[in-house]
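Reader: I am new to reading protein structures. Please take one part of this one and look at it closely. Then show me how the rest is arranged around it and beyond.

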Amino acid sequence: MLFDDTYKTIENQGEGLFKDRSSRFISFALPVTNEEEIKQHLNLLRKKYHDARHHCYAYRLGFDKSVFRINDDGEPSGTAGKPILGQMLSFDVTNILIVVIRYFGGIKLGVSGLINAYKTAAFQAITSTKIITKTVNDIYDIRFDYISMNEVMKIIKEENLELLAHNYDLPCTIRFSVRKNESLRVSDKLMKINNLIITFIKTA
């Protein structure tokens with residue numbers, strides 16, 4: 001059985017606005033790939049909306065969806081971060097950060113009201129952008145003699161490999177990306193070329 005080498009994420013930033021009893025919930029869905037990007041987005045939003053009462057968020061990272069975190073930022077436990085994450089699970093998206101910023105209107109919403117507000121604001125942010133499917137790819141480096149250039153380029157063209165970097169000084173080096181389910185077959189094909197060295201870099 002082949003490994004499921006696709007995952008869903010968002011194409012670009014989405015935004016939403018939900019109001020309930022004078023409280024405003026401003027939401028942002030942001031495509032991210034690592035925790036450093038997440039910190040930068042959070043810092044920018046905290047500066048821009050510095051007068052807001054709460055900055056609640058959730059994120060999910062990795063093609064295997066194994067990294068996630070929720071933050072209620074002072075709201076009652078389970079009323080903010082969890083319903084935000086719940087929308088990510090509903091849409092089965094990863095590599096995404098959703099931040100919901102609350103301006104308190106003076107009237108308490110109660111637990112069910114808060115859960116509904118954060119859930120709805122997160123839903124609005126996700127649905128205001130486009131959900132796309134991406135492939136999980138393996139990245140390799142290859143080193144080879146210049147005399148093998150035609151053989152290498154023939155395989156790259158046949159397999160429609162994505163070139164990430166190249167250097168045609170001696171020895172020649174190329175970094176390429178290949179879909180996970182095609183990875184073993186393509187690497188076996190390349191290894192048949194004389195004096196070619198192939199090195200696995202990472203899965204992304």
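Author: Start with a definition. Helices and strands here are DSSP runs, numbered from the N terminus; a helix run (H or I) has at least four residues and a strand run (E) at least two. Keep in mind that this is a predicted model.

Now the close look. The part is helix α4, residues 149-158. Which of its residues are buried? They are M149, V152, I155 and I156. They lie on the same side of α4, because they cover an arc of only 135° around the axis. Turn to the other side of α4. There N150, K154 and K157 are exposed. To sort them, use two cut-offs: buried is under 20% relative accessible area, and exposed is over 50%. What comes just after the helix? N160 sits just after α4 and takes a positive phi of about 55°.

What do the buried residues pack against? Their partners are three strands and a helix: β8 (137-144), β9 (162-167), β10 (172-179) and α5 (180-191). The three strands belong to a sheet, so look at that next. This open sheet has four strands, in the order β9-β10-β8-β11, and the pairing is antiparallel. Its edges are β9 and β11 (197-203). Each has a single partner strand, so one side of each lacks a neighbour in the sheet. From one strand to the next, the twist averages 20°.

Zoom in on one pair. Five bridges pair β9 with β10 in the antiparallel sense. A hairpin of four residues links β9 to β10. H166 faces I174 in β10. A165 stands opposite R175 in β10. Helix α4 packs on this sheet and touches β8, β9 and β10. The direction of α4 makes about 20° with that of β10. Helix α5 is on the sheet too. It lies across β8, β10 and β11 and runs at about 150° to β10.

So much for the surroundings of α4. Now the other sheet. Five strands form it, in the order β2-β3-β6-β4-β5. It is open, and its pairing is antiparallel. Here β2 and β5 (67-71) are at the edges. Each of these has a single partner strand, so one side of each is left without a neighbour in the sheet. Neighbouring strands are turned by 15° against each other on average, direction ignored.

Pick out strand β3, residues 23-31. It is mostly covered, with seven of its nine residues buried. What lies beside β3? Strand β2, residues 14-20, runs antiparallel to β3 and is joined to it by seven bridges. One facing pair is F18 and F25, with F25 in β3. Another bridge links D20 to S23 in β3. The two strands make a hairpin, with two residues between them. One turn residue, R21, has a positive phi of about 45°. Strand β6, residues 96-103, is antiparallel to β3 as well, and eight bridges join the two. There L30 stands opposite L97 in β6.

Two helices lie across this sheet. Helix α2 lies across β4 (54-61), β5 and β6, at about 35° to β4. Helix α3 lies across β2, β3, β4 and β6, at about 150° to β2.

How do α2 and α3 meet? The axes of α2 (residues 81-91) and α3 (residues 110-127) come within 8 Å and cross at roughly 40°. That angle makes α2 oblique to α3. The crossing is right-handed. P83, I84, Q87, M88 and F91 supply the α2 side of the contact. On the α3 side, they meet I115, Y118, K119, A122, F123, I126 and T127.

Go back to α4 for a last look. Find its buried residues M149, V152, I155 and I156. Follow them to β8, β9, β10 and α5. Then turn the model and find N150, K154 and K157, which are exposed.

Conventions. Residues numbered from 1 in each chain as written. Predicted model: local features only at pLDDT ≥ 70, side-chain atom pairs only at ≥ 80, totals over all residues. Heavy atoms only, no water. Buried < 20%, exposed > 50% of the residue type's maximum accessible area, 1.4 Å probe, protein only. Arc of directions from axis to C-beta. Contact = heavy atoms within 4.5 Å. Pairing = 2+ DSSP bridges. Axes fitted to C-alpha atoms, helices over the stretch in contact; angles between N-to-C directions. Parallel < 35°, antiparallel > 145°, perpendicular 65-115°, else oblique. Left-handed = near helix turned anticlockwise from the far one by under 90°.
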